[in-house]
Amino acid sequence: MELLVRDTDLTSINMSMNLEPMMEEKLREDLKYYFMSPCEKYRVRRQLPWKLTVQILKIVMITAQLVLFGLSNQLVVAYKEENLMAFKNLFLKSYSGVDEDDYSVAVYTKQSVYDNIYYFFDQYSQLDQLSVGAVSYAEEDGKLQPLVICKEYYSRGRVESSDKSYDIDAQTETVCLTLDPKSAATWRTVNSSFFELDFHRLVNIEITFKLKGINLQTVLSHQLPDCYTFAVTILFDNQCHSGKVKITLDIDAVSTACKKWKISGTAQKNTHYLLVFDGLVIVVCLTSAVLCIRSIVLAIRLLQRFSMFCVKKYNRKICEDDQREFLNGWYILVIISDILAIVGSILKIEIQAKSMTSYDVCSIFLGTSTLMVWVGVIRYLGYFQKYNVLILTMHAALPKVLRFCCCAGMIYLGYTFCGWVVLGPYNDKFEGLSRVAECLFSLVNGDDMFTTFAEFQQKNTLVWLFSRVYLYSFISLFIYMVLSLFIALITDAYETIKRYQKTGFPMTDLQLFLRAGKDFPPQEGEEDGGSRENGPSVTLCCCRKYTNSSISQQAPDFSQALRVPVEDTVTLIS
């Protein structure tokens, strides 16, 4: 019996010793296959690269969808802008066709204010006879929506210019008048007292009304027409009391489903085709997302297997760089683009069905998803050594560039705030923080330099001198120093990548393990006869990089290179 037990134990030991090399080779084969390009996988197993096929189909479909939606969105934006221009020419007296900075027309006398108010009411009452567009008074529940005119003024105000005495109550009051569109022609005789304006107390006059219109140009592109409700606001702004009253006209266009419409031809059929096409885009994006999630799950499982293998056989953790090799950022990018495309397609379907009108929101989702899809194409070009220089250079330079931008950004923000506070009142380009940042960015790129200098006039000598010091110092600092250093960081990363392409990239533990028959070189300080138990206990913080010379002097035993014990459990770094 004792001999039988001994034979059984020896047999189990021999079987376990035989299984370990098989498991190691199986792990190596699985890792090699995972990191292969689609073409290599096809040559090895003759399986169609589904992810690549789906990505190519998705690029074509999403791009076509974006083009169709972009053409439709251009029609909508053009219709709104042309109506805004038409309303300004209809309702604003002496409108030149070009807006000033933040207003359409400016008047400087009391009579001009009255003339503009009278002119508006005359034009509004004759809208049906004057307008060449398909616009009319808006209705609600079969009744015409009224016109509302409100005037805001100080509760009490008296100015005596002779003795420079002022009596102002800062509290404001608002009085409104509601007029029916049909009775607008008789407003002057019925409500004459309302328009007796005290300009010393007047803050502003606001006129609001609603019109309806229909966008018929979509019918020419075989789409259903959109009906719009225009909320028009005309503002007479006298807040500054500077002798200049600024008149502004603005609209808020809301698209609604047309009622009692009848379109003959191909518009309805074409809409159905677009809905089916959008549904197919959603299906393709879902398939792409599922395949990428499947690849991520497979990568995590392979990472776990490789981590357990290194700990069990060589008592060593894998480093962060090797762990990041399993977490493919391209898959994350594809999944995000798929989610954005699905949301954008759903919004597009709702817009085509006239259930919602969020053209801008839909265009952001579709445009961003298309951008990410085309950026994802770089992943497949990265499999070719001559095409992946951009990816490798960005990967190598990005950490240094981000740290550099953080430091340079502090200086940039300081110039932004300083320019806004000091130069804002004297130059339109420095009126707001966003405009200052945009102006400085254009100066860094060498755009519009002379114009920026010339727009500062010598009316205020102190500010003019400050503007010269400000602009010269910013341009000298950022163009000759900051921008040059920024380019030098990227150039240095590019030269490093080019040198590695000639001499070979440093190899990590994972890359050496994938080389069949190639073992890891022994670590410094390790003795050939040392045992695993007696080695030093360390935890790896970074990957070991091996050059070609160290690989050529490698130890004959694979375990000699991995004789570093660990005591902690292996954790995945996401």
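This briefing walks through a surface patch, a buried arginine and the aromatic pairs of the structure above. Please keep in mind that the model is predicted. Three places are worth a look in your viewer: the nonpolar patch with Trp420, the buried Arg468, and the aromatic cluster that includes Phe87 and Phe230.

**Nonpolar surface patch**

- Met410, Ile411, Leu413, Phe417, Trp420, Val421 and Leu433 together make a nonpolar surface patch of about 660 Å².
- Helix H12, which spans residues 389-423, gives the most to this patch, with 6 residues.
- Trp420 is one of the patch residues and lies in helix H12.
- Trp420 has a relative accessibility of 36%, so it counts as partly exposed.

**A buried arginine**

- Arg468 sits in helix H15, which covers residues 461-503.
- Although Arg468 is buried, it has no salt bridge.
- Glu455 is the nearest side chain of opposite charge to Arg468, at 9.9 Å.
- Once neighbours within four places in sequence are set aside, Arg468 is in contact with Phe453 and Phe456.

**Aromatic pairs and a cluster**

- In total, the structure holds 26 aromatic pairs.
- Phe87 and Phe230 form an edge-to-face pair, with 5.6 Å centre to centre and 80° between the planes.
- This pair links distant parts of the chain, 143 residues apart: Phe87 belongs to helix H3 (residues 50-91) and Phe230 to strand S8 (residues 226-237).
- Both Phe87 and Phe230 are buried.
- Phe87 and Phe230 also belong to one aromatic cluster, along with Tyr79, Phe91, Phe120, Phe121, Tyr124, Tyr137, Phe209 and Tyr228.

Technical notes. Residues numbered from 1 in each chain as written. Predicted model: local features only at pLDDT ≥ 70, side-chain atom pairs only at ≥ 80, totals over all residues. Heavy atoms only, no water. Patch = residues over 30% accessible without salt bridge, like charges linked within 9 Å, V, L, I, M, F, W, Y side chains within 5 Å. Areas by Shrake-Rupley, 256 points an atom, 1.4 Å probe, with all protein chains shown as cover. Salt bridge = Lys/Arg side-chain N within 4 Å of Asp/Glu carboxyl O. Helix = DSSP H or I, 4+ residues; strand = E, 2+ residues; numbered from the N terminus. Buried < 20%, exposed > 50% of the residue type's maximum accessible area, 1.4 Å probe, protein only. Lys, Arg positive; Asp, Glu negative; His and termini not counted. Contact = heavy atoms within 4.5 Å. Phe/Tyr/Trp six-rings, centres within 6.5 Å; stacked < 30°, edge-to-face > 60°.
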